[in-house]
Amino acid sequence: MKITYALTQRDYFDSMIAIRNRKKWAKWVFRASLPVLGLLIVFSLFTSPAPKLVLNLARLLFFVLLWAFLLWGSPWWLARTQSKQPSVQGQRTASLDSNGVNWQWNGGSSAVEWKTYMRWMETKNQILLCSSPVQCAIIPKRALSAEQLSELQTLLTENVGAVLRV
């Protein structure tokens, strides 16, 4: 099977979110943290003595803004940075067979055996082949026909293992 595609900034963003959310507890820690910080601000309003109130609120507001950036801003910023690298510009080709995956891109190529991949993940828009907990090769579903997607899912299940749906 041969797949040709070009990666976009959105592909990198979606893959970073999928990697972050691969464990359900991780997804909910991020979501639950902002309300907890908000409750701390409200609690601080009612329990702090007046002279320290402004200082306590400033600290808590700083942590709320930092957490908001970590939650929403950093994946976008990292995806923007990744997508501007010269090595990811242009067309990529992935040739998958029973031995592994042969990757070709503008400026290089690699042959990777199936035993290198520890898992594969499927998201709404992508297939991610993971060689480590945080390093994944991206195959956008937009580059696949319905029958190619089915064939790819079967090939990956046979050679890498069960899918992790994110």
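A residue counts as buried when its relative accessible area is under 20%. Ser-33 has a relative accessible area of 17%, so Ser-33 is buried. The structure above is a predicted model, and the tour below starts from this serine, then moves on to the salt bridges, the pockets and the surface.

## Ser-33 and Leu-61

Ser-33 sits in helix α2, which covers residues 24-47. A look across from this position leads to Val-64: the two residues are 31 residues apart along the chain, and their C-alpha atoms are separated by 8.8 Å.

A second pair of positions makes a friendly contrast to think about. Leu-61 and Arg-80 are 19 residues apart in sequence, and 27 Å lies between their C-alpha atoms. Leu-61 belongs to helix α3, a helix that runs over residues 50-83. Is Leu-61 buried, exposed or partly exposed? With a relative accessibility of 46%, Leu-61 counts as partly exposed.

## Salt bridges

How many salt bridges does a search of the whole structure find? The search gives 4, and three of them are described here, with their N to O distances in the table.

| Acidic residue | Basic residue | N to O distance |
|---|---|---|
| Asp-14 | Arg-10 | 3.1 Å |
| Asp-11 | Arg-142 | 2.8 Å |
| Glu-122 | Lys-141 | 2.7 Å |

Let us begin with the bridge between the side chains of Asp-14 and Arg-10. Both residues are part of helix α1, and their spacing of 4 residues is about one turn of the helix. Their surroundings can be read from the accessibility values. Asp-14 has a relative accessible area of 15% and is therefore buried. Arg-10 reaches 53% relative accessibility, so Arg-10 counts as exposed.

Next comes the bridge of Asp-11 with Arg-142, in which the closest N and O atoms are 2.8 Å apart. This pair ties together distant parts of the chain, with Asp-11 in helix α1 and Arg-142 in the loop between β7 and α4, 131 residues apart. Asp-11 is buried because its relative accessible area is 4%, while Arg-142, with a relative accessible area of 51%, is exposed.

The bridge between Glu-122 and Lys-141 brings their side chains together at 2.7 Å, N to O. Here, too, the pair links distant parts of the chain: Glu-122 is in strand β5 (residues 119-122) and Lys-141 in the loop between β7 and α4, 19 residues apart. Are these two partners buried or exposed? Glu-122 has 7% relative accessibility and so counts as buried. Lys-141 is buried as well, since its relative accessible area is 18%.

## Two pockets

The largest pocket has a volume of about 580 Å³. Its lining is made of 23 residues, and those nearest its centre are Tyr-12, Gln-135, Cys-136, Ala-137 and Ile-138. Which elements each supply at least two residues of this lining? They are α1 (9-20), β3 (100-105), β4 (108-113) and β7 (136-140). Helix α1 gives the most to the lining of the largest pocket, with 4 residues. Sorted by class, this lining holds 15 nonpolar, 7 polar and 1 charged residues.

The second largest pocket has a volume of about 290 Å³. Of the 16 residues that line this pocket, Ile-17, Ala-18, Asn-21, Thr-123 and Val-166 lie nearest its centre. At least two lining residues each come from α1, α2 and β8 (163-165). Helix α1 provides the largest share here, 4 residues. The class counts for the second largest pocket are 5 nonpolar, 4 polar and 7 charged.

Put side by side, the two linings bring α1 back into view: this helix gives the most to the largest pocket and holds the largest share in the second largest pocket. Helix α1 also carries both partners of the bridge between Asp-14 and Arg-10.

## A nonpolar patch on the surface

On the surface, Phe-62, Phe-63, Leu-66, Phe-69, Leu-70, Trp-76, Trp-77 and Leu-78 form a nonpolar patch. Together these residues have about 800 Å² of accessible area. One of them, Trp-76, has its place in helix α3. Trp-76 counts as partly exposed because its relative accessibility is 45%, a value between the limits of 20% for buried and 50% for exposed.

Notes
Residues numbered from 1 in each chain as written. Predicted model: local features only at pLDDT ≥ 70, side-chain atom pairs only at ≥ 80, totals over all residues. Heavy atoms only, no water. 1 Å grid on protein atoms, 1.4 Å probe; cavity = no way out; pocket = protein on both sides within 12 Å on 5 of 7 lines; lining within 4 Å. Points joined across faces, edges and corners; volume = space filled by probe spheres on them. Nonpolar A, V, L, I, M, F, W, Y, C, P; charged D, E, K, R; others polar. Patch = residues over 30% accessible without salt bridge, like charges linked within 9 Å, V, L, I, M, F, W, Y side chains within 5 Å. Areas by Shrake-Rupley, 256 points an atom, 1.4 Å probe, with all protein chains shown as cover. Buried < 20%, exposed > 50% of the residue type's maximum accessible area, 1.4 Å probe, protein only.
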